[in-house]
Amino acid sequence: MPRLVKLGAQALAVAAVAGLFALLVWRVVHQNRNTVAVQVAHGKTGPAPAFNLPRLDGHGRVSLASLRGKAVIVNFWASWCAPCKREAPQLERSWKAHSGQGLVVLGIDANDVSGDARHFARKLGLTYPLVHAPTTIWDDWGVTGVPETFFVDRRGRLVDVHVAGPVLDGGNKAQFERGIRLALRS
Amino acid sequence: MRLLAAAALALALAAPALASDAHPTLAELEGQVMCPICHTTLDQSNSAAAQRIKAFIVRRIRAGDSKSEIEDRLVRDFGPSILAQPPKRGFDLLAWLLPICGLLVGALAVGFAAWRWTRTREPERALAAVGPLDPQLERRLDEELRHFDE
């Protein structure tokens, strides 16, 4: 009987270690596999993940579903990010230039103190919709730093363009313009 | 008497905790709030995001906020992962309870093993309790050992 108990305890310990190891392997293998950034990088342009976030100015909320029928530039930013400060005027210009065609720029502020973000938007005179999101939205979209920009077409599907970095710099400018064109064309 | 001593000890420990909640310091909160970009506590980070959060904490301390009020504001803006320690409620309570359960189970296992060990040692002790050898037997043993040496 004691031998059976000893064997049982050993089997239990081995099973526990194997279980934890399997969990570790699963976590490593599935890490960031289904983020928007990874999907776009692989040319998969499925539906954009839904969200419903509070406006930065505190007046109501904005959901991606409510923007169906419009082309949306989804721009991730934060007030502490210097390149975001440089690119914001360009986003404002694009929003004003294309809003008649049904283009919306949606700025998602995350990993940021909302008061600082409001100050940032006021100082730069931004008029496009700005929302505030919890830290986890970076993981959902696969954002690794700010600024990063994605494009969603009129049917709510991702466009095959992802701009990592300011939309003004080097090749990013051409990618940004291509993203707008593809999103509006749908 | 013991009850009074326990109550006095509890009060002595609770007083600094209450004072810390009412009048937090930046140094104290820096060790308990995470930098969401670098995934370390604020006191180990100099990133732009961490600097902004530190400045926010300083502003709220000056405005007279308590520690829990500052933490609540940070959780509203960043989500619960901004706190280095998980909250003591809901699913997160497991993070607090599991280590205690593990320690208890470990202590029980060690106690059980020690009890088993002392039980198996008893026959040896019984053997040691046997008295000195019979002189005749001892003589015979010596002779045989001598013979063995030759």
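Which residues of β6(A) lie on one side and which on the other, and are they buried or exposed? In this predicted model, Glu148(A), Phe150(A) and Val152(A) lie on one side of β6(A), Thr149(A) and Phe151(A) lie on the other, and all of these residues are buried. Both faces of the strand are therefore covered, since buried means under 20% relative accessible area. The count for the strand as a whole agrees: β6 of chain A spans residues 148-152, and 5 of its 5 residues are buried.

The next step is to ask what pairs with this strand. One partner is strand β3 of chain A, residues 71-77, which pairs with β6(A) in the antiparallel sense over 5 bridges. Within this pairing, Phe150(A) in β6(A) stands opposite Val74(A). Another partner is strand β7 of chain A, residues 158-164, and here too the sense is antiparallel, with 4 bridges. In that pairing, Val152(A) has Leu158(A) of β7(A) as its bridge partner. The strands β6(A) and β7(A) form a hairpin with 5 residues between them, and in this hairpin Gly156(A) takes a positive phi near 80°.

The approach to β6(A) along the chain also deserves attention. Pro147(A) belongs to the loop between α5 (136-141) and β6 of chain A. The peptide bond that joins Val146(A) to Pro147(A) is cis, with omega about 0°.

A further covered strand in chain A is β5, residues 130-133. On one side of β5(A) are Leu130(A) and His132(A), on the other are Val131(A) and Ala133(A), and all four are buried. Strand β4 of chain A, residues 103-110, pairs with β5(A) in the parallel sense, and the pairing has 4 bridges. Within β5(A), Leu130(A) is the bridge partner of Gly107(A).

The loop between β4 and α4 (114-124) of chain A contains Asn111(A). This residue is not a glycine, yet Asn111(A) has a positive phi of about 55°. Is Asn111(A) buried or exposed? The relative accessibility of Asn111(A) is 2%, so the residue counts as buried.

Chain B may now be considered. The chain has 150 residues, of which 19% are buried. Its secondary structure consists of 6 helices and 2 strands, and from the N terminus on the elements follow the order α-α-β-β-α-α-α-α.

The loop between β1 (34-35) and β2 (40-41) of chain B holds His39(B). Like Asn111(A), His39(B) is a residue other than glycine with a positive phi; the value is about 60° for His39(B) and about 55° for Asn111(A). The surroundings of the two residues can be set side by side: His39(B) counts as exposed because its relative accessibility is 61%, whereas Asn111(A) counts as buried at 2%.

Another loop of chain B, between α4 (67-78) and α5, contains Pro87(B). With a relative accessible area of 19%, Pro87(B) is buried; the limit for this class is under 20%. In sequence, 48 residues separate Pro87(B) from His39(B), and in space the C-alpha to C-alpha distance is 17 Å.

The surface remains to be described. A positive patch is formed by Arg3(A), Lys6(A), Arg116(B) and Arg119(B). Helix α1 (2-30) of chain A and helix α5 (93-128) of chain B each supply at least two residues of this patch. Lys6(A), which lies in α1 of chain A, is exposed, with a relative accessible area of 58%.

Chain A also bears a nonpolar surface patch, formed by Phe21(A), Leu24(A), Val25(A), Val28(A) and Val29(A), which together have about 460 Å² of accessible area. Val29(A) is located in helix α1 of chain A, and its relative accessibility of 41% means that Val29(A) counts as partly exposed.

In chain B, Asp134(B), Glu138(B), Asp142(B) and Glu143(B) form a negative patch on the surface. Glu138(B) is found in helix α6 of chain B, residues 135-149. Because its relative accessibility is 40%, Glu138(B) counts as partly exposed.

Terms used
Residues are numbered from 1 along each chain as its sequence is written. Chains are lettered from A and ligands numbered from 1 in the order in which they are written. This is a predicted model: local features need pLDDT of at least 70, side-chain atom pairs count only at pLDDT 80 or more; totals for chains, interfaces and linings use all residues. Side-chain values use heavy atoms; hydrogens and water are left out. Patches are made of residues with over 30% relative accessible area and no salt bridge: like charges are joined within 9 Å, nonpolar side chains (Val, Leu, Ile, Met, Phe, Trp, Tyr) within 5 Å. Accessible areas come from the Shrake-Rupley method with a 1.4 Å probe; for residues, only the protein chains shown count as cover. A salt bridge is a side-chain nitrogen of Lys or Arg within 4 Å of a carboxyl oxygen of Asp or Glu. Lys and Arg count as positive and Asp and Glu as negative; His and the chain ends are not counted. The place of a charge is taken as NZ of Lys, CZ of Arg, CG of Asp or CD of Glu. Buried means under 20% relative accessible area, exposed over 50%, partly exposed in between (1.4 Å probe, protein chains only). Two strands pair if DSSP finds at least two bridges between them.
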